[in-house]
Amino acid sequence: MAKVLTSKEDNYAQWYNDLVLKSGLAENSAVRGCMVIKPYGYAIWEKMRDELDRMFKETGHENAYFPLFIPKSFFSREANHVEGFAKECAVVTHYRLKTDEETGEIVVDPDARLEEELIVRPTSETIIWNTYKNWIQSYRDLPIMVNQWANVVRWEMRTRLFLRTTEFLWQEGHTAHATRQEAEEETMQMVKVYAEFSENFLGIPVLVGNKTESEKFAGAVETLTIEALMQDGKALQAGTSHFLGQNFAKAFDVQFTNKEGKLDHVWATSWGMTTRMIGALIMAHSDNHGLILPPRVAPIQVVIVPIYRGNDEFPPIAEAANKIKAQLTALGVSVKFDDRDTQKPGWKFAEYELKGVPVRLAIGPRDIENGTVELARRDTLEKKVMPQKGIATYIHDLLEEIQQSIYQKAINFRNANTHHVESWDELVDVLENKGGFALAHWDGSKESEDRIKETKASIRCLPLDAEPEEGKCVVSGKPSLRRVVIAKAY
RNA sequence: CGGGGUAUAGCGCAGCCCGGUAGCGCGCGUCGUUCGGGACGACGAGGUCGUGGGUUCAAAUCCCGCUACCCCGACCA
């Protein structure tokens, strides 16, 4: 084994890092905190992007593009928003370089200072609401249902591939509505789109819920989140949908004339999902052999590896492989026939395991003789010999089974790592010794939440589907009407 | 931004304490034998030792500065 991963049990963070690098998803770049997303990693992002894009359009949204740069003055408009992002903004101050005559080096031309600095967008609410002001006069102009696929920059102190990088890719939806109710419904609709995407497409079960006051998006009235559980017992916020109320409409003076002929401020939402989701995908399913990709998001769903000696054995194997490939392709399955003679079969087996290809077929001389093929499942590592006849439809169905099996395994893991806790001691025990989600009563106060944060865990969300239940806050002992989800988080 | 660590061939590392010819494994190239789980042998290519200064006859090695990266914390998607 040339490319061995650190095992999850030895060092989860190192395992993750090794896996991202060795499976060829991404690597660190020459720019601090910024990663290069390599072709295989980008192919996964493209699959995610295409599916989300389809879902956005299905729910009535259209794509647009707004500038990377935002005038600094826009940022002073919404007080909470500014406060939330001020500490991590990259700022453009000059527009020209020149050659220093003494040293011959390229330097920033001090004479080329911008009159107003430009902020590299950490998110686009401000530039978008400045623009929407011009688009909206009447209720007839509403709703506006726009999404943009873009890069954003948040100057992070400590970065990790996919999970937290200075620049990352995402989509941000920004909608404008005539009524509060409609905006709230949109917020809810989009968090459900994210939940469905995460569960059905990526096989990652999520909790849907509200963020607490201190955890919500800066500038939002309410933030809805999907929270996933990683294999090391830490939570990961995988997507957020914000009800912005009239905060940005007021900050940017976006008013419209309603049906009654009266002026009112517009109601807003925004929602986003990022390349961080690739990190979630990795940490939700993969093992010590490499990635495990659910078939729906796998760039390659089936790989065919030929096994042969000399040139005589290859042609019939290639013929059988290409036949199966054609049958699978006709069924909409993405197949790679790896006929490179520069790598050995064993090398290829390990490589595609590392890359998480869901199904591998091996075809050798024995198979040609017997009309068979060796089929290996990445998720279970099971191998069996199957007849070539009917293999395509079998695999087509198997991919669906694998998708469900991976999802079910993740659900089982989450169930096994979700703990009801009734006291502070039990909460600390879960957080320190067991990991996972702790369901605990909370009195709703900031003081109690701060006390929880001292454990380095946080309230991940107030689940939407939680049954009302009377109890006592695990911090204060005060009455509580519901349980919240507490966990350490990425 | 605090604490710790690292920087030597494409990658992973040794050499540094005790200054004196640049080394190992993997990978890479050629040829041969191989090919059903990361093959083997032979030969070969590849390094301004992160960077700037200092000490010295002599610096990868000792001293000072700088930079980058990694890990741990605080902040965040």
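Reader: Two strands pair if DSSP finds at least two bridges between them, so which order do the five strands of the open sheet take?
Author: The order is β18-β17-β19-β20-β21, and the pairing is mixed. Strands here are DSSP runs (E, at least two residues) and helices are H or I runs of at least four, numbered from the N terminus. This is a predicted model, where local features need pLDDT of at least 70 and side-chain atom pairs count only at pLDDT 80 or more, while totals for chains, interfaces and linings use all residues. Residues are numbered from 1 along each chain, with chains lettered from A and ligands numbered from 1, as written.

Reader: Which strands stand at the edges of that sheet?
Author: β18 (335–337) and β21 (383–387) do; each has a single partner strand, so one side of each lacks a neighbour in the sheet. On average, neighbouring strands there are turned by 25° against each other, direction ignored (axes are lines fitted to C-alpha atoms, for helices over the stretch in contact, and angles between N-to-C directions run from 0 to 180 degrees).

Reader: And β17 with β19, parallel or antiparallel?
Author: Parallel: β17 (residues 302–306) and β19 (residues 359–363) share five bridges. Ile304, for one, has Leu361 in β19 as its bridge partner.

Reader: What packs on the sheet, touching β17 and β19?
Author: That's α9, whose direction makes about 170° with that of β17. Contact means C-beta atoms, placed from the backbone, within 7 Å. Helix α8 (residues 314–330) lies across β17, β18 and β19, also running at about 170° to β17.

Reader: Switching to the RNA, how many residues surround strand B?
Author: 43 residues do, and the closest are Arg32, Gly346, Ala350, Gly364 and Arg366. Near means a C-beta atom, placed from the backbone, within 6 Å. Elements giving two or more residues to this surface are α1 (12–22), β13 (235–245), α9 (345–354), α10 (365–370) and β20 (372–377).

Reader: Which one gives the largest share of that surface?
Author: α9 does, with eight residues. That's the helix that packs on β17 and β19.

Reader: Cool. What's the order in the open sheet of 11 strands?
Author: β3-β9-β10-β16-β13-β12-β11-β24-β27-β23-β22, with mixed pairing. β3 (62–63) and β22 (418–420) stand at its edges with a single partner strand each, so one side of each has no neighbour. Inside it, β11 (residues 206–210) and β12 (residues 222–229) run antiparallel, joined by five bridges. Asn210 has Leu224 in β12 as its bridge partner.

Reader: What pLDDT does chain A average?
Author: It's 93, and 99% of the residues score at least 70; pLDDT is the predictor's per-residue confidence, from 0 to 100. The model scores ipTM 0.86 and pTM 0.96.

Definitions and conventions. Two strands pair if DSSP finds at least two bridges between them. Two residues are in contact if their C-beta atoms, placed from the backbone, lie within 7 Å.
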